[in-house]
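Open the structure in your viewer and keep the selection tool at hand. The stops below can be followed in order.

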Amino acid sequence: MTSFITFPALHRSLLPRRKHFVVGFHRSHDTITAQHRNPNGLREDTNGDNVGTVSKQTQLEKALGVLYDGSVGISTVYGFLLKHCAKSRAIAEGKLVHSHMIKTGFEPDTIVGNHLINMYAKCGNFTDALQMLDKMPERNLISWTVMISGYEQHGKEEEALGVFCQIVNAGMKLNEFTLASAIAACAGLVDLERGKQVHAHSIVIGLESNVFVSNALITLYVKCDKLVEARKVFGKLPNPNVVSWTAVIAGLVQHGHCEEALLHFCRMQEKDVKSNPYTIASVLSACSSMGALKQGKQIHAHGIKAGIESNVFVGNAFVTMYAECGNIESAKYLFDRMREPDVVSWNAMIGANVQHEQYDEALNLFQQLGRAGMKLNQFTIASGLRACASMAALEQGKQVHAYIIKNGLESGIFVASALVDMYAKSGNVEDAHRQFNKMPIRNVVSWNAMISGYAQHGHGKEAIQLFEQMQRANVNPDCITFVGVLSACNHVGMIDEGRNYFDSMSSVYGIKTEGDHYACMVDILGRAGHLDEAVKLIHQMPFEPDGAVWGSLLAACRIHGNIKLGKQIAEHLFHLEPLNVANHVLLSNIYATDGRWDDVAKVRKIMKDRGLKKEPGRSWIEVRNRVHSFLAGDRSHPKSEDIYSMLDKLAEKLEAAGYVSDTKFVLNDVEEVHG
């Protein structure tokens with residue numbers, strides 16, 4: 001719905017006879033439109049615009065209201081109109097104001113001329129902005145500054161710096177706004193050298209400690225990974241404002257100094273500097289990275305007190321923080337309370353469910369978003385594809401692929417890599433490889449997805465061949481690449497190759513070996529029966545081995561029936577991970593395989609005393625575009641009787657064909673002790 005503002009022609013020469021200039025806001029575009037219509041007074045939008053739209057409309061109403069009062073000059077009226085057209089990026093209305101000047105023979109002075117240049121530049125119409133600049137009989141520093149600012153805001157940083165150089169070479173005295181715009185242009189280009197030159201210029205003319213200049217410098221140094229310099233600039237500010245604090249907090253979070261970011265936020269509160277939505281979002285990001293739920297809740301309370309909780313930008317940050325800290329219930333509660341969640345809100349919630357392995361709910365939200373008609377972005381699509389991949393929901397993944405093709409998103413490397421991953425994890429390695437080959441540009445994520453896909457499905461040789469191809473393409477592998485490569489070696493029993501790749505990580509590629517790599521290598525050696533070598537490798541680790549590494553060796557002991565070593569490892573794991581039921585189950589089955597039932601009973605008693613209970617396994621199957629979820633021993637499905645009847649028939653056919661199942665490594669049912 002559109003709200004209209006009309007005003008009578010106080011100055012008859014300014015407006016068309018018997019018609020009135022009208023300005024209205026369109027919610028769908030959040031812009032201003034103008035037309036001529038009969039006067040009907042001011043109408044309100046009963047649908048209720050968002051905060052940004054209402055704010056712009058209110059400001060524009062105030063500007064237009066000046067026309068009711070003949071106490072100010074027409075230059076002031078035009079200045080107000082152009083200022084608010086520039087702020088609202090209303091190019092059509094700005095042109096109407098300009099054409100009205102021309103029709104009425106109004107000759108703009110320097111102030112109005114600057115408003116015109118600013119309006120055209122802010123709206124991205126640099127051709128008209130430059131024409132106005134050329135026509136102006138007298139220009140001042142503001143004339144050039146608005147051009148620099150306009151260029152910088154529209155991603156034309158080189159042009160902005162070109163204008164800046166012109167006025168510096170002309171010997172014009174610069175102000176803080178000119179310098180801040182030039183520094184922002186350097187930040188946009190991540191051009192540290194030119195940024196330093198502007199910084200030096202600000203020192204020469206005594207504006208280094210100006211808050212506008214300093215804020216721009218902090219942002220520049222943060223973007224150029226020069227956090228020490230950013231801290232120095234911030235430290236020299238006599239009275240940092242909220243933008244200063246927010247810039248340094250965001251920079252600290254970006255560089256992983258999350259605790260320091262929280263300390264800065266506390267100091268900011270002590271200084272009574274009021275937070276803005278960007279401050280809250282930045283400090284919440286710090287809490288998310290640290291998993292600091294307690295501090296996140298405190299900031300949530302602060303956001304409510306500051307009255308900015310309802311801001312969608314802040315709301316998204318709260319949802320993400322709770323999800324990252326493991327409190328998915330609170331994340332969902334906040335998401336459900338949001339009045340108008342945007343695509344970022346949906347992305348946060350879908351991603352949170354994927355992160356916590358609630359794939360059913362993630363896919364459900366993804367489908368809701370699609371039905372709502374909201375345009376999906378690459379992050380939404382990647383999360384949806386990840387949910388499909390985790391549930392092996394191939395048909396639904398194909399539907400997402402169709403949406404990608406329809407909307408021309410297939411060429412994006414982020415989405416294309418997610419497609420490769422989805423097809424590979426869903427078992428369709430052929431389509432994964434076909435999608436991989438179609439990619440015009442591949443990054444390390446793309447290669448990793450395909451290598452891991454091959455490894456996961458037992459195509460070890462293909463995975464290794466692809467890794468060699470990756471090297472020939474001059475794409476540097478990362479730590480994830482080697483997890484896939486070592487897994488491939490493990491699946492096909494390539495012991496020597498696994499050793500070589502493991503050793504080459506640090507010696508050839510300079511990649512630090514992590515716990516996952518050691519777990520893979522221990523698994524390779526353990527499965528092949530080289531238990532002594534696996535133990536030696538663990539003792540040579542440069543850091544304390546975690547449960548995954550010891551667990552790989554324990555699994556190998558189960559395979560090879562090494563009870564003595566298995567017991568030693570299991571006892572170590574009981575201290576390392578006392579609540580991990582899998583370790584107890586593995587030891588129990590090692591004993592059971594050797595017929596040591598008294599020891600089995602002892603392990604199970606320990607489990608019972610500690611209240612440990614094996615979580616039932618969950619499986620997904622997609623039938624007729626619907627995903628069905630099953631737990632081990634589950635009879636809750638409406639067709640469970642038919643399902644078990646079919647399983648019995650299949651078992652009979654297998655037995656009739658002479659198949660004898662190998663139960664040596666089947667985990668004994670821990671539930672028996674709780675029966």
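Select residues 157-169, which form helix H7. These 13 residues should span 18 Å at 1.5 Å a residue, and the end C-alpha atoms of H7 are 18 Å apart, so the two values agree. Now show the side chains of Glu157, Ala160, Leu161, Val163, Phe164 and Ile167, the buried residues of H7. They lie on the same side of the helix, because the arc they cover around the axis is only 155°. Keep them displayed and add helix H6 (141-153), helix H8 (176-189) and helix H9 (192-204), against which the buried residues of H7 pack. Just past the end of H7, pick Gly171, where phi is positive at about 80°.

Before the next stop, zoom out to the whole chain. The model is a predicted one. Its protein chain has 34 helices and five strands. Of its 675 residues, 46% are buried. Among contacts with a separation of 6 or more, 59% join residues 24 or more positions apart. If you turn on the surface, the chain exposes about 35000 Å², with carbon and sulfur atoms supplying 52% of that area.

Next, select residues 359-371, helix H19. H19 also has 13 residues; from first to last C-alpha it reaches 18 Å, close to the 18 Å expected at 1.5 Å a residue. Which residues of H19 are buried? They are Tyr359, Ala362, Leu363, Leu365, Phe366 and Leu369. Their arc around the axis is only 160°, which puts them on the same side of H19. After H19 comes Gly373, with a positive phi near 80°.

Move to the nonpolar interior. The largest nonpolar core holds 184 residues, and Ile218 and Leu553 touch the most other members. Center the view on Leu553 and show what surrounds it. Apart from neighbours within four places in sequence, Leu553 is in contact with Val522, Leu531, Ala534, Val535, Ile538 and Ile569.

Now color the cysteines. How many disulfides does the structure hold? The count is zero. Take Cys123, which is in no disulfide: the nearest cysteine sulfur belongs to Cys85 and is 7.6 Å away. Cys123 counts as buried, at a relative accessible area of 19%. Then go to Cys287, where the closest cysteine sulfur is in Cys325, 6.7 Å from its own and therefore too far for a bond. Cys287 is buried too, with a relative accessible area of 0%.

Select Ala331 in helix H17 (residues 328-337). Is Ala331 buried or exposed? It counts as buried, because its relative accessibility is 0%. Leaving out residues up to four places away in sequence, Ala331 touches Val319, Tyr322, Ala323 and Met349. Draw a distance from the C-alpha of Ala331 to that of Met349: these residues are 18 apart along the chain, and the two atoms are separated by 7.3 Å.

The last stop is Ser588, in helix H32 (residues 581-593). Ser588 is buried, with a relative accessible area of 3%. Show Val600, Val603 and Arg604 as well, since Ser588 is in contact with these residues when neighbours within four places in sequence are left aside.

Technical notes
Residues are numbered from 1 along each chain as its sequence is written. This is a predicted model: local features need pLDDT of at least 70, side-chain atom pairs count only at pLDDT 80 or more; totals for chains, interfaces and linings use all residues. Side-chain values use heavy atoms; hydrogens and water are left out. Helices (H or I, at least four residues) and strands (E, at least two) are DSSP runs, numbered from the N terminus. Buried means under 20% relative accessible area, exposed over 50%, partly exposed in between (1.4 Å probe, protein chains only). Contact means heavy atoms within 4.5 Å. Accessible areas come from the Shrake-Rupley method with a 1.4 Å probe; for residues, only the protein chains shown count as cover. A nonpolar core is a set of buried Ala, Val, Leu, Ile, Met, Phe, Trp, Tyr and Cys residues joined through side-chain atoms within 4.5 Å. The expected span of a helix is 1.5 Å times one less than its number of residues. The arc is that of the directions from the helix axis to the C-beta atoms. A disulfide is a pair of cysteine sulfur atoms within 2.5 Å.
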